[in-house]
Amino acid sequence: MDFRGIYDRLVAIHAPGLVKADEPRKADPKDKKDKGRAGDPFVLVEAQELARFLESCRDDDRLHFEQLIDLTATDPAKDAPDFWIGVQLLSLKFRHRLAVKALLPKSAPSLPSTVPVYRASQWHERECAEMFGITFVGHPDPRHVLLPDDWIGYPMRKDYEFPKEYHGISCE
Amino acid sequence: MSGTSAFLEGLKAGLGEFVPMWALWLGSALISVAIALGLISLIAMFSVWLERKVAGHIQCRYGPMYVGWHGWLQSIADGVKLLLKEDLIPRDADRVLFMLAPALVLAAIVGAMAAYPLAPGILFADIDLGLFFIIAMSSMTTIGVVMAGWASNSKWTIYGSMREAAQVVAYEIPLGVSLLVPVMVAGTLNLREASAAQADFFGMGWFMFKNPFMLPAFLLFLVAALAETKRAPFDLPEAESELVAGFMTEYSGIRWSFFFMEEYAAMFLMSAIGAVFFLGGFESPLTHLAGQLFGRDLVVVGAGPEFAFTAINWGALVYQLVAGGTLLVKSFLGIFLMMWLRWTLPRIRIDQVMTMGYKYLTPLALVCVLGAALWEAGWQALVRS
Amino acid sequence: MANETRESAQGSSRIQATGPGEVTVDIRTPDLEINFGPQHPATHGVMRILMRADGELVTGAQPHLGYLHRCAEKIGENVEWLQYLPYTDRYDYLASMNNNLGYSLAVEALLGIEIPRRATLIRIICAELNRIGSHLVAFGTYGLDIGAFTPFLYTFREREWMMALFEKICGARLTYSYIRIGGVFNDAPPGWFEEVARFCDVFDEKWKEYCDLLLVNQIYVKRTANVGVISRDMALDFGLTGPMVRGSGIDWDLRRDMPYMCYGEIWRDGAFKIPVARGEMGALGDCWDRSWVRVMEMVESTKIVRWCLDHMVDGPVIGEIPKTLKVPAGEAYVGIENPRGELGHYVVSDGGKVSIRTRVRGPSFCNLAVLEDVLPGSLVGDAIAIIGSTDIVVGETDR
């Protein structure tokens, strides 16, 4: 199934939290400010509904996304209001992919964990949590995965300031 | 009369009343220990070099090439390096046991060496329970290994020594029982006598060919000996990919090299036992020929009309050298076989090791003993009738 | 067994009352907690697994990563598009060509540019040769984990030649940076394709040696069959990819099922097959299956290389790429079949010279997560076999 077909199916099954589809487009020649968008299409969903959305993607027999390939976050800019949560789903049966994106306000970076749906997201969520300071409510093992347990700050945020020292070791 | 006591008798005859007998005993004992230690070092050094060469050639490379001709000085260079290395003892280790363990291991194997016959007439000690003595002494090394593992106070070493203990306990039985088969045929535990019993058929009357149950017994012995000497595929006590270096993880420098010396000396002794009790010991057609040409007895004890005399038959020295060399070559062939296996086979898991020891090797060895006993009894009956 | 394990995990001597007036004293020693790593011969790098063990039985395992964390993703947000390429070499250092390729394809997806056909074919040759090299290391070091030292040197003999081939084409032996955005760095030197063909011919004979020496060796089979079984559902649930998922009997390969570059064409030509484990030696999804898949994949890779050599065309090897690349705004995710599984690059651009997010989905990282579930209940020796069979590269788990 191509992206359009997947999106139509998502609409048809009333996938929870589905907001819209975002597809790449050419720049509008009339509007000079519009630069268009390159890359892959994705669907935008509500962050708080992400886990339930993924569940419906997994369980629907026409979509059949058995695998969660990637779950990650993006901090688009220092002054941006939201984090982006990006999820890559893969269906081995139907050989199609789906990129899912959710906007999560930086003021309240918390959303339900997707581990009950896909255990694959366990370590990805741990990484997001330590790198961006996003809380995944209901994560079974919310420890740091790559960073030391006592690391202060969230390094992948755009406003992160590199520490001057770590345990008395100068970092400059 | 042969061996040490004959030698001492000869010496006494030569030195007369100047030196008391106890001094002769002590002197010869000290010399023997020195020779045994030297022999072990030499065997270890040569085996290390051989191991590296064998491994190299099996793995499409040369092994040591730079120190001396084809790297023959490599072991000496390594030995010097090990001697000069810092001797580390972990802070939380049990110092006394930690230092005692390698010494105990080495002492046990030097002790075991006492029963090794250098040649039919040149022995450290002509022990009637020679085989039993060697096995008993080499089992002592296990205590040293367990001691080392415990004293190092590291989890890996504990694993290594526990594995060693379990493995040795499991494989002592098939080792001993499979050796019972040739012992039964030979009727002796003395290594020299067992070897002499195979001198018929122009030096080819090896026990291996004397009984149909001997070949399976030999294979069982081989497997058990591998496990006993901690060689691959039974190198679980030191399993470098699992336990870092097993019981010797915390050892360094000269203490570590003691464990190494023990390993190679144990390999050598096990091969020697195998050679003596299965593969003819000193006997080969060459030995037979030398014996025919030069005579066998080094010390000729004769009785004249008025006095007993002892004399040394220097020609027999050639025979002794050939015989000793034969055993040495056979032992090193055994060592080579062990190396060959080590560089070919993967390692067995610990439960498989245990299963094999208790469930397969031990019963099979017992069957071999039973079969060999029946065969011998039948053979004897047949010969008599 | 499971119950017992759970009890012993709490680690205490206890007296169990099993019936009225009957007391069984069950001496249960506390479990041993071992730090397996960071410096350990079998962790293939600096990874630590906190293992709980009851004697030889592993009752719990917790991987701790991050010892090799080099902030690759953060660096991606701070250097220009073209400058990031050398950093991709460093995450899975055994398959640098594939990493270069994954990143280049992701950026090219944003740029929307066509790659010259000769460049595409050279890319495939390099990626497949690198896959052979990577699997050679995986298989050789797996033998090392099991305790067989010799196969390791045999595999490295062939890998040496593979690295010499790469040295000829790009001058580096491990970190190539050869596949660039827009094509490849330079054309192959004269005689290179012929040597690659020779390598394939020789390799077709050599891989049988590994099979004889290790893969069908009885001890090896006994050590790996029925050990570390990862079921189909588990493989899907944990998002395993690559040989891990094929080792569990799932017929999935991105090169065939979601073709990129001209893999689809090669597949339609019937040039290669996808080896999928059938559980020949034991349960489906055990360690033996995974190692078998790797060996067979090497053979298939040589076929792909041969196809590319046969269909080689003349022409340029790199398109017109400006020194300072500006990538149109948007986001793209490209996953390619790395030797270890799906290597995904998720790149986000706002139209500038620097990406605003370079996410690397390393297959080792995802494949490693399964250890927490597979290790408990195995023996210590098995644990080594299982860790080895996941074939992780710590540079990639930590990035």
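**Tour of chains B and C**

Select helix α9 of chain B and colour B:M214, B:A217, B:F218, B:L220, B:F221, B:V223, B:A224, B:A225, B:L226, B:A227 and B:E228: these residues are buried. The model on screen is predicted. The helix covers residues 214-228 of chain B, 15 residues in total. From its first C-alpha to its last it reaches 20 Å, close to the 21 Å expected at 1.5 Å a residue. Since 11 of the 15 residues of α9(B) are buried, the helix is largely enclosed by the rest of the structure. A residue counts as buried here if 20 or more other C-beta atoms lie within 10 Å of its own.

Next, show what surrounds this helix. The buried residues of α9(B) pack against four helices of chain B: α6 (155-186), α11 (253-277), α13 (316-342) and α14 (350-384). Then step just past the end of α9(B) to B:K230, where phi is positive, about 60 degrees.

Zoom out to the whole of chain B. It contains 14 helices and four strands. Its C-alpha atoms fill a box of roughly 70 × 60 × 40 Å along the principal axes. The radius of gyration of chain B is 22 Å, which agrees with the value near 21 Å for a compact globule of 385 residues. Of those 385 residues, 46% are buried. Among contacts in chain B with a separation of 6 or more, 79% join residues 24 or more positions apart.

Now bring in chain C and select its side towards chain B. Here 26 residues of chain C are in contact with 22 residues of chain B. On the chain C side, β3 (32-36), α5 (117-146), α6 (150-170), α8 (218-224) and α16 (380-390) each supply at least two residues. By class, this side of chain C has 14 nonpolar, six polar and six charged residues.

Stay on β3(C), one of the elements just listed, and follow its pairing. It runs antiparallel to strand β4 (residues 48-54) of chain C, with five bridges between them. To see one of the paired positions, select C:E33 and its bridge partner in β4(C), C:R52.

From β4(C), move on to strand β5 (residues 57-64) of chain C. Seven bridges join these two strands, again in the antiparallel sense. C:A53 stands opposite C:V58 of β5(C). The strands β4(C) and β5(C) form a hairpin with two residues between them. End the tour at C:G55 in that turn, which has a positive phi of about 65 degrees.

Technical notes: Residues numbered from 1 in each chain as written. Chains lettered and ligands numbered in written order. Predicted model: local features only at pLDDT ≥ 70, side-chain atom pairs only at ≥ 80, totals over all residues. Contact = placed C-beta atoms within 7 Å. Nonpolar A, V, L, I, M, F, W, Y, C, P; charged D, E, K, R; others polar. Expected span 1.5 Å × (residues − 1). Buried ≥ 20, exposed ≤ 12 C-beta atoms within 10 Å, placed from the backbone. Rg over C-alpha atoms; globule rule 2.2 N^0.38 Å. Pairing = 2+ DSSP bridges.
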